[in-house]
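Student: I am new to this structure. Please take me closely through one part, the nonpolar core and the helices around it.

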Amino acid sequence: MKSENRQSAKAFWTEFMMSFFVCTACICILEGVLGMIFLPEQRFGYDAFFSPPLFGFVSVLFGIVTYSKHELTMQEVIVRRCIHLLLIEVFVVGLNYAAGTIFSTALVIVLVLAIAVIFVAVYAVLYVNDKRSAVLFNEELKKYQKRVEQEGQETDDR
């Protein structure tokens with residue numbers, strides 16, 4: 001039982017960290033691209049380097065709404081992910097507004113769409129990683145099953 005809990009905790013933290021780093025990297029790219037397009041004259045100090053990790057951390061933290069102790073249906077997963085995305089959107093736009101940063105309507109729409117693209121990208125990377133892990137696990141399982149079959153046949157031959 002302890003081993004299962006340890007594995008589960010390890011998987012949780014691995015996914016949390018992977019989500020954080022992918023999200024933070026995408027946010028850095030997004031800020032650079034949108035900044036060059038919409039605010040090319042604006043320059044920032046070194047403190048600006050802290051905003052992508054902050055947004056990444058809070059975004060991943062909001063992922064708690066997707067957590068469940070039981071298996072979720074596909075519809076429940078979709079609803080929870082939509083709530084997760086909505087929380088992120090409200091947080092980012094709300095924090096900018098609270099900080100006194102006023103954007104044009106076009107920039108707000110682009111920002112909201114870009115956040116959705118990042119959201120999808122993070123889940124796509126997690127999906128690809130999970131699929132790769134499943135393929136590797138199944139390959140190892142097949143090797144183990146063949147080895148057990150061969151050992152069983154050797155025992156029968158004796």
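Tutor: Here is a walk from the core outward to the surface. This is a predicted model, where local features need pLDDT of at least 70, side-chain atom pairs count only at pLDDT 80 or more, and totals for chains, interfaces and linings use all residues. Residues are numbered from 1 along each chain as its sequence is written, and side-chain values use heavy atoms, leaving out hydrogens and water.

Start with the core. A nonpolar core is a set of buried Ala, Val, Leu, Ile, Met, Phe, Trp, Tyr and Cys residues joined through side-chain atoms within 4.5 Å. Buried means under 20% relative accessible area, exposed means over 50%, and partly exposed lies in between (1.4 Å probe, protein chains only). The largest core has 16 residues, and L30, V92, L111, I118 and V122 touch the most other members. Two or more residues each come from α1, α3 (74-98) and α4 (105-157). Of these, α4 gives the most, with eight residues. Helices here are DSSP runs of H or I, at least four residues, numbered from the N terminus. In soluble globular proteins, nonpolar side chains tend to be buried together.

Now zoom in on I118. Leaving aside residues up to four places away in sequence, I118 touches C23, C26, I27 and L30. Contact means heavy atoms within 4.5 Å.

Next comes α3. Its buried residues include V92, H84 and N96. The expected span of a helix is 1.5 Å times one less than its number of residues. The 25 residues of α3 should therefore span 36 Å, and the end C-alpha atoms are 35 Å apart, which agrees. After α3 comes G100, with a positive phi near 90°.

Helix α2 (residues 51-61) holds V60. V60 counts as buried because its relative accessibility is 12%. Beyond residues up to four places away in sequence, V60 touches F16, S19 and F20. V60 and T24 are 36 residues apart in sequence, yet 9.8 Å apart in space, C-alpha to C-alpha.

Finish on the outside. F38 lies in helix α1 (residues 2-38). F38 counts as partly exposed because its relative accessibility is 30%. Together with I29, V33 and I37, F38 forms a nonpolar surface patch of about 360 Å² accessible area. Such areas come from the Shrake-Rupley method with a 1.4 Å probe, and for residues only the protein chains shown count as cover. Patch members have over 30% relative accessible area and no salt bridge; like charges are joined within 9 Å, nonpolar side chains (Val, Leu, Ile, Met, Phe, Trp, Tyr) within 5 Å. A salt bridge is a side-chain nitrogen of Lys or Arg within 4 Å of a carboxyl oxygen of Asp or Glu.
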